[in-house]
Amino acid sequence: MDIPRDALARMIDHTLLKTDATPAQVSALVVEARELGTFSVCVSPSMLPLTDDLGPVKVATVCGFPSGNHTPAAKAAEAAESSRLGADEIDMVINIGLLKAGSPGKVVEEIAAVRQATTGLLKVIIESAALTDDEIVAACRAAEDAGADFVKTSTGFHPDGGATVHAVELMAATVGDRLGIKASGGIRDWATAQAMVAAGATRLGVSASRAILEGVPA
């Protein structure tokens, strides 16, 4: 059964992470987020601090984005600066190569460094489409061990794709209700958004928020 439109809106991080996004477009994003009733806006760190009237809308930003191939110190510094500039939530990308090399302990260390530098919620982007099922489980466990608040499927920039129902179900089975689960990447309509929630997502990262929320079946 579909969750209501307003409840779905409150699960959305209304996102603009295009490399050519302008401050004016970010301001328009904030206005739209307030109109739609989304939980937050998610923007690039260079857009902080946001000076627009946010009302109840929270501010999320990204860290180590989109490759994840930054040093732990660089990620921690980025997270600390973003927190200082008003970010309520940080979405960090793990070093996928370390995970695939069989070094989940090093992934725990980098997440822990960002966790220490972050004053608000920390979401950990695992890039699930690039991982095997065993690697998805290992990434989720690393995020939990390091004290993260959420695990997140995707950046939306990886060539292997974005969120899938299978990945969200596996992430939910791994972390239970101990961590939040953010589905992001390729969610562009009402049916897909509802499928992700049914699979266990507690937050959605989308740029097509209006299309999704206006696509309520009659």
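These exercises walk through a barrel, its strands, two buried lysines, a glycine in a loop and a pair of helices.

The model is predicted, so to speak of it fairly, local features need pLDDT of at least 70 and side-chain atom pairs count only at pLDDT 80 or more, while totals for chains, interfaces and linings use all residues. Residues are numbered from 1 along each chain as its sequence is written, and side-chain values use heavy atoms, with hydrogens and water left out.

**Exercise 1. The barrel**

Task: find the order in which the 8 strands close into a barrel.

Solution. Start with the terms: strands (E, at least two residues) and helices (H or I, at least four) are DSSP runs numbered from the N terminus, and two strands pair if DSSP finds at least two bridges between them. Now follow the pairing, which is parallel and runs β1-β2-β3-β4-β5-β6-β7-β8. Neighbouring strands of this sheet are turned by 25° against each other on average, direction ignored. Such angles are taken between N-to-C directions, from 0 to 180 degrees, with axes as lines fitted to C-alpha atoms, for helices over the stretch in contact.

**Exercise 2. Strand β1**

Task: work out which strands pair with β1, and whether its faces are buried or exposed.

Solution. Take β8 (residues 203–206) to begin with: 3 bridges join this strand to β1 in parallel, and His14 stands opposite Val206. Next comes β2 (residues 40–43), which pairs with β1 in the parallel sense over 4 bridges; here the bridge partner of His14 is Val41. Then look at burial, where buried means under 20% relative accessible area, exposed over 50% and partly exposed in between (1.4 Å probe, protein chains only). In a regular strand the side chains alternate between the two faces of the sheet. In β1, Ile12, His14 and Leu16 lie on one side and Asp13 and Thr15 on the other, and all are buried. With 5 of the 5 residues of β1 (residues 12–16) buried, the strand is largely enclosed by the rest of the structure.

**Exercise 3. Two lysines**

Task: describe the surroundings of Lys123 and Lys152.

Solution. Lys123 is found in β5 and is buried, with a relative accessible area of 0%. Its side chain makes polar contacts (N or O atoms within 3.5 Å; within protein, one able to donate a hydrogen and the other to accept it, and residues adjacent in sequence count only if both atoms are side-chain atoms). The partners are the side chains of Glu89 at 2.5 Å and Asp91 at 2.8 Å. Lys123 also touches (heavy atoms within 4.5 Å) residues including Asp13, Lys182 and Arg203.

Move on to β6 (residues 150–152), joined to β5 (residues 121–125) by 3 bridges in parallel. Lys152 sits in β6 and is the bridge partner of Ile125. At 3% relative accessibility, Lys152 counts as buried; among the residues that Lys152 touches are Asp91, Met171 and Lys182.

**Exercise 4. A loop glycine**

Task: place Gly37 and state what Gly37 touches.

Solution. Gly37 lies in the loop between α2 (23–36) and β2, partly exposed at 31% relative accessibility. Gly37 and Ala9 are 28 residues apart in sequence and 5.7 Å apart in space, C-alpha to C-alpha. Not counting residues up to four places away in sequence, Gly37 touches Ala9 and Arg10.

**Exercise 5. Helices α7 and α8**

Task: describe how α7 and α8 cross.

Solution. The axes of α7 (residues 165–175) and α8 (residues 190–199) come within 8 Å and cross at roughly 25°. The two helices are therefore roughly parallel, a label for angles under 35 degrees, with over 145 roughly antiparallel, 65 to 115 roughly perpendicular and the rest oblique. Val165, Val168, Glu169 and Ala172 of α7 make the contact with Ala195, Met196 and Ala199 of α8.
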